[in-house]
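Here are my notes for you, written as a short walk through a few spots. Keep the viewer open and click along as you read.

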Amino acid sequence: MTTTVNGESPVETPTPSPEPAFQGVPKAKRSPFPPIDDYAFLSDCETTCLIAPSGAVEWMCLPRPDAPSVFGAILDRGAGHFRVGPYGQYVPAARHYRPGGLIVETTWQTETGWLKVYDALLIGPWHNADRRSKTHRRTPTDWDAEHCLLRIIKCVSGVVEVEVTCEPSFDYSRKHARWEYTGSCYEEATATTEGSVDRVRVNAETPLGSVQPTLRLNTNMRLGLEGREAQSRTRMQEGDEKFVAMSWSPAAGPRDQAEAWERLNNTSEFWRQWITVGKFPDHPWRGYLQQSALALKGLTYAPTGALMAASTTSLPETPGGVRNWDYRYAWIRDSTFALWGLYTLGLDREANNFFHFIEDVTQNPDGTPRPLQIMYGLGGETQLTEGTLDHMSGYDDARPVRIGNGAFDQQQHDVWGAMLDSVYLHVKSREHVPENLWPILKLQVEQAIKHWRLPDRGIWEVRGEPKHFVNSKMMCWVALDRGSRLAVMHGEKAIALEWAKIAEEIKADILENGVDKRGVFTQHYDTEALDAANLMIPMVRFLPPTDPRVRATVLAIADELTVDGLVLRYKVEETDDGLEGEEGTFTICSFWLVSALVEIGELRRAKQLCERLLSFASPLKLYAEEIDTKTGRHLGNFPQAFTHLAQINAVMHVIRAEEEMEGGEFVPAR
């Protein structure tokens, strides 16, 4: 093809090639947000954080996990980060937890050398030696959080250019940081903002979010202050070691490299001492059990004994969708179910602290009992008003970003059964109900009696019209059944007989109204839709696993309420949940199916599903709330306590079933 340019001689121009078949199709664009399951989770049992593969802390709230964030890049790329890694390189060669604890080791390979970074939220010997802690309510142990994030850097080969960038963005990125040098040279800098205050002036009664923390960065590198960011760049050669520490209490970070290693090793010793107490089977799945136990421990809040549902808020259940919730609170249901997993593994010390937390939140200041809410703040707060952060983009454009949770005052009638089942598990080996606990337990049973005939929002906290959910009725039965057993232990035989009679009345009502013509338990009394929550029926012993209605329900859910073999909690088109859009498969429900299949004798099918679910674990053996079966991506808040509980229960069901089959008897994990 020839053309004439400005009247000059013709020139050859290339003939356009045919348009490709995919012309007009949008080009694939890599998201700036890492996959949810690629984050590493750290905890000191008072504070948590998530670290992206790039080496950047992208989620951290201070001084508590349910406080406003200081690093929030997981919800908006401009909402604060703290990165340590090679300059200009963001994909590591490998990452893993040090065995037996929540210390992350990241290995980097660059064109010129190899680098290792060790990250930990420090835990050390109890340090409140001259005054009482202003936040602790539980019995002190030998260990305590040091309120310091430590990052140790080691060049193991060659030469590597290392960078540190720390840009806090306080109060969910609504307040910017002001840096100033506070050391004698370039070794220390402090970040403050409007309302900053040292933790020494904060106590348990200080309203959360009313003050902002003061952050101190200290290091054996040279810090520079560039606007809202503290920076450091240095060239490290083989054998060189550096550290950078960020603290948010009057206690200082490490003073030198030797102290940095000492405090990291103390943290490692704490985790190893804790995990050693557990009873883990000698099985190829042992590592998954240990990592789930560590995740549950990391989600505890040691000062009060609360256990939060997840470390994050607003990570979406649907990519780009609106099903984004704040899970940084202590759900009574989730917490008590999580204790199943800890009991199963012999880790029951957390149970003692949780029961003291329950005692705190179910008593008025004068000691009289008060009704149970479905969830609380980590300090026992009862008002968790929901709002949105409209200035934040959301994870991968999933909006709205929510803080607080509007379900805190919902009517969910399973809560009393969840609590009483947990109490029963806790005290039955002791054959004694503490006298101060009895009035609280009695009130919860009375609440179940008062409400069991009424509709509610159910275990999934639907925001549509209340319904007569089968699972809620069943858990009211659990409240009366376990309450009756506890009354016998307490010597209240007349009350025990009365409660047992009401329990039978509830069971009869469910069997009459909550089972369809196929003999399958339904979601609620006015539908034939399925609900994965009914997989709990054999596990709470509402009916024996040999009952044909139990078998029919488990198999119906396995065959009809699954996508690519993984379980939905319900079909959104059949459920008035008050929301739009789809959602992924709920991983807890898939693990429930494993346990339920074992209960009804389908061990081979259960083991195959369990193996598949374990293959979906994150690179660090963690789980979010859901799994997208098309991509394998994790969805929802992370890491999810409820999921890790269900994983422990399912894995132990399979292991125990295999062990007991030769003996002719299966002992369930519960």
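Which residues in α10 meet which residues in α11? Start there, and keep in mind that this is a predicted model.

1. **Where α10 and α11 touch.** From α10, the residues involved are V554, L555 and A558, and they meet L593, A596 and L597 in α11. Sorted by class, this contact has 6 nonpolar residues, with no polar and no charged ones. Try colouring the view by residue class to see that for yourself.

2. **How α10 and α11 are arranged.** Helix α10 covers residues 548-560 and helix α11 covers residues 587-599; their axes come within 10 Å and cross at roughly 140 degrees. Oblique is the word for angles that are not under 35, not over 145 and not from 65 to 115 degrees, and α10 and α11 are therefore oblique to each other. The crossing of α10 past α11 is left-handed.

3. **A second helix pair, α12 and α13.** Now move along to helix α12 (residues 603-615) and helix α13 (residues 641-661). Here, too, you'll find axes that come within 10 Å and cross at roughly 140 degrees. So α12 and α13 are oblique to each other, and α12 passes α13 in a left-handed crossing.

4. **Who meets whom in α12 and α13?** On the α12 side you have L603, K607, C610 and L614, and they meet Q647, V651, V654, A657, E658 and M661 in α13. By class, this contact divides into 7 nonpolar, 1 polar and 2 charged residues.

5. **T190: buried or exposed?** Find T190 in strand β14, which spans residues 188-192. Its relative accessible area is 6%, and buried means under 20%, so T190 counts as buried. Leaving out residues up to four places away in sequence, T190 touches R178, W179, E180, T182, T214, L215 and R216. One of those neighbours deserves a second click: the side chains of T190 and T182 make a polar contact at 2.9 Å.

6. **Two cis peptide bonds.** Most peptide bonds are trans, so a cis one is worth a look. The bond from L62 to P63 is cis, with omega near 5 degrees, and P63 sits in the loop between β5 (56-61) and β6 (69-71). The bond from F638 to P639 is cis as well, with omega near -20 degrees. You'll find P639 in the loop between β31 (634-635) and α13, so follow the chain on from there and you're back at the helix from points 3 and 4.

7. **Two positive phi angles.** Most residues other than glycine have a negative phi. H147 isn't a glycine, yet has a positive phi of about 55 degrees. D396 isn't a glycine either, and has a positive phi of about 50 degrees.

8. **Where do H147 and D396 lie?** H147 is in strand β11, residues 143-167, while D396 is in the loop between β25 (387-388) and β26 (402-403). With a relative accessible area of 7%, H147 is buried. D396, at 27% relative accessibility, counts as partly exposed.

Conventions:
Residues numbered from 1 in each chain as written. Predicted model: local features only at pLDDT ≥ 70, side-chain atom pairs only at ≥ 80, totals over all residues. Heavy atoms only, no water. Axes fitted to C-alpha atoms, helices over the stretch in contact; angles between N-to-C directions. Left-handed = near helix turned anticlockwise from the far one by under 90°. Contact = heavy atoms within 4.5 Å. Nonpolar A, V, L, I, M, F, W, Y, C, P; charged D, E, K, R; others polar. Buried < 20%, exposed > 50% of the residue type's maximum accessible area, 1.4 Å probe, protein only. Polar contact = N/O pair within 3.5 Å; in protein donor to acceptor, adjacent residues only side chain to side chain.
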